[in-house]
Every structure is written in C-alpha cells, then in structure tokens.
Amino acid sequence: MSEQLHKRNLIVREALRAAGISSDIVVLPDAAATAAAAAEAVGVDVGAIANSLVFWSDDAPLLVMTSGAHRVDTTALATRLGRDSIRRATAEQVKDATGQVIGGVAPTGHPSPLTTVVDESLAAFPEIWAAAGTPHTVFPLTFDELVRLTGGEIVAVG
C-alpha cells in the first residue's frame with residue numbers, strides 16, 4: 001500500500017502511529033475535496049466527515065475540525081474562544097501552516113502543531129473520517145482519537 005501513498009500521506013500515517021492510532025489510509029479513486037464527495041466515497045453520513053478547515057485568527061493559523069454537515073460560524077466561534085476575529089486562511093496560508101493543500105488537509109502531519117478546535121457534534125458518530133494529506137485519501141478514527149490526536153478543544157462551531 002505504501003507505494004500508492006504520496007509523501008504527505010506517509011507523514012500523516014507516521015503521525016497517526018505515533019499517536020497510537022492504527023487506522024489505514026484509504027486511497028480513493030477520485031478526489032474527495034468536499035465533505036459530500038468524501039461521504040459518498042466511503043459510504044457514510046456527511047456529518048461523519050471531519051473537515052479540516054484552516055482559519056486565520058489573531059495572526060496565527062487555527063485548525064477547525066468540523067462536521068461535514070456544519071458550516072463554521074466564525075463570529076460565534078471567535079466569541080466562544082475569546083478571539084478578536086476568525087477568517088478563512090488563504091490557500092498559501094493553508095499550505096504554509098499544514099504542508100498540505102485545501103481539500104486534503106489532515107488533522108495531523110503538519111510542520112508544527114496547530115491550535116485546534118473540534119466540533120462537538122462529531123461525537124455523535126461512532127466512526128468519523130478525515131482527509132489524510134491529499135484530496136484522494138482519507139482515514140477513519142473515533143471522536144476521542146481525533147481529540148487526542150489534535151489536542152483540540154471541543155467546541156460548538158456552528
């Protein structure tokens with residue numbers, strides 16, 4: 001399987017193993033750059049897709065792991081987190097912060113740890129799926145594993 005994986009996927013897999021998560025990275029036949037496409041590809045409810053969205057807040061990246069069924073309310077989230085503002089990161093900021101491209105950002109495997117929040121609604125699913133570093137790859141994990149992996153704060157993001 002390793003020969004099919006991009007170097008970004010290998011970095012993500014190493015980070016998963018280091019966190020004690022044994023999930024395999026699944027290579028999809030087509031890109032799954034949206035939650036709907038990822039859900040269809042793996043046969044789950046769109047809410048079980050853990051979108052990795054990078055925002056810019058108080059001069060630093062903020063990774064928001066949100067359910068594919070939700071939109072992030074940046075104004076409400078900034079208030080909950082006690083931040084001045086939260087806005088979408090540019091494609092260049094996403095790549096610089098994560099080493100990955102939009103549509104394939106994993107919750108781990110970044111050049112350095114990112115401040116992360118995890119959408120509390122993801123806890124409703126026994127298994128969730130996240131991108132694995134490229135738009136063609138995903139992996140399954142539990143909510144508790146996601147929180148442990150990212151060190152994220154559990155928050156309502158909508």
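The largest pocket in this predicted model holds about 550 Å³ of space. Thirty residues line this pocket, and the closest to its centre are Ala33, Asn51, Ser52, Leu53 and Arg88. Four elements give two or more residues to the lining: helix 2 (35–42), strand 2 (49–57), strand 6 (128–131) and strand 7 (137–141). Strand 2 supplies the largest share, with seven residues. As for chemistry, the lining divides into 19 nonpolar residues, nine polar ones and just two that are charged.

**Strand 2 and its partners**

Strand 2 deserves a look of its own. It is mostly covered, with eight of its nine residues buried. Strand 2 also pairs with strand 3, strand 4 and strand 6, as the table shows. The table takes in two pairings of strand 5 as well.

| Strand pair | Sense | Bridges |
|---|---|---|
| Strand 2 and strand 3 | antiparallel | eight bridges |
| Strand 2 and strand 4 | antiparallel | two bridges |
| Strand 2 and strand 6 | parallel | two bridges |
| Strand 3 and strand 5 | parallel | four bridges |
| Strand 5 and strand 8 | parallel | three bridges |

If you want to find these pairings on screen, a few residues make handy markers. Val54 has Leu63 as its bridge partner in strand 3, and Phe55 is matched with Arg88 in strand 4. That Arg88 is also among the residues closest to the centre of the largest pocket. On the parallel side, Ala50 stands opposite Ala130 in strand 6.

Strand 5 (residues 115–119) is mostly covered too, with four of its five residues buried. Val117 in strand 5 sits opposite Val64, while Asp119 has Val155 in strand 8 as its bridge partner. Strand 8 itself spans residues 153–155.

**The turn between strands 2 and 3**

Which residues sit in the loop between strand 2 and strand 3 (60–67)? Asp58 is found there, and so is Asp59. The two strands form a hairpin with two residues between them. Asp58 has a positive phi of about 50 degrees although it is not a glycine. Asp59 also has a positive phi, near 65 degrees, and is likewise a residue other than glycine.

Are these residues buried or exposed? Asp58 has a relative accessible area of 37%, so it counts as partly exposed. Asp59 reaches 72%, so it counts as exposed.

**Helix 5**

Helix 5 (residues 143–150) is another story: six of its eight residues are buried, so it is largely enclosed by the rest of the structure. The buried ones are Phe143, Glu145, Leu146, Val147, Leu149 and Thr150. One of them, Glu145, is a glutamate. Right after the helix comes Gly151, with a positive phi near 65 degrees.

**One salt bridge**

How many salt bridges does a search of the whole structure find? The search turns up one. Arg17 forms it with Asp24, the closest N and O atoms being 3.7 Å apart. Side chains of opposite charge can pair when their charged atoms come close. The cut-off here is 4 Å between a side-chain nitrogen of Lys or Arg and a carboxyl oxygen of Asp or Glu, so the pair qualifies. Both ends are partly exposed: Arg17 has a relative accessibility of 36%, and Asp24 has one of 48%.

Asp24 also serves as a handy reference point for Glu92, a residue of helix 4 (residues 91–98). Glu92 and Asp24 are 68 residues apart in sequence and 28 Å apart in space, C-alpha to C-alpha. Glu92 is exposed, with a relative accessible area of 59%.

Ala19 gives another such pair. It lies in the loop between helix 1 (7–18) and strand 1 (26–27), and is partly exposed at 22% relative accessible area. Ala19 and Pro113 are 94 residues apart in sequence, and their C-alpha atoms are 13 Å apart in space.

**The annotated stretch**

Finally, a word on the record. An unreviewed UniProt entry carries the annotation "domain: YbaK/aminoacyl-tRNA synthetase-associated" for residues 31–149. In the model, that stretch is 26% helix and 28% strand, and its end C-alpha atoms are 24 Å apart.

Note on methods
Residues numbered from 1 in each chain as written. Predicted model: local features only at pLDDT ≥ 70, side-chain atom pairs only at ≥ 80, totals over all residues. Heavy atoms only, no water. 1 Å grid on protein atoms, 1.4 Å probe; cavity = no way out; pocket = protein on both sides within 12 Å on 5 of 7 lines; lining within 4 Å. Points joined across faces, edges and corners; volume = space filled by probe spheres on them. Nonpolar A, V, L, I, M, F, W, Y, C, P; charged D, E, K, R; others polar. Buried < 20%, exposed > 50% of the residue type's maximum accessible area, 1.4 Å probe, protein only. UniProt positions renumbered as here; feature names shortened; annotations may be inferred. Pairing = 2+ DSSP bridges.
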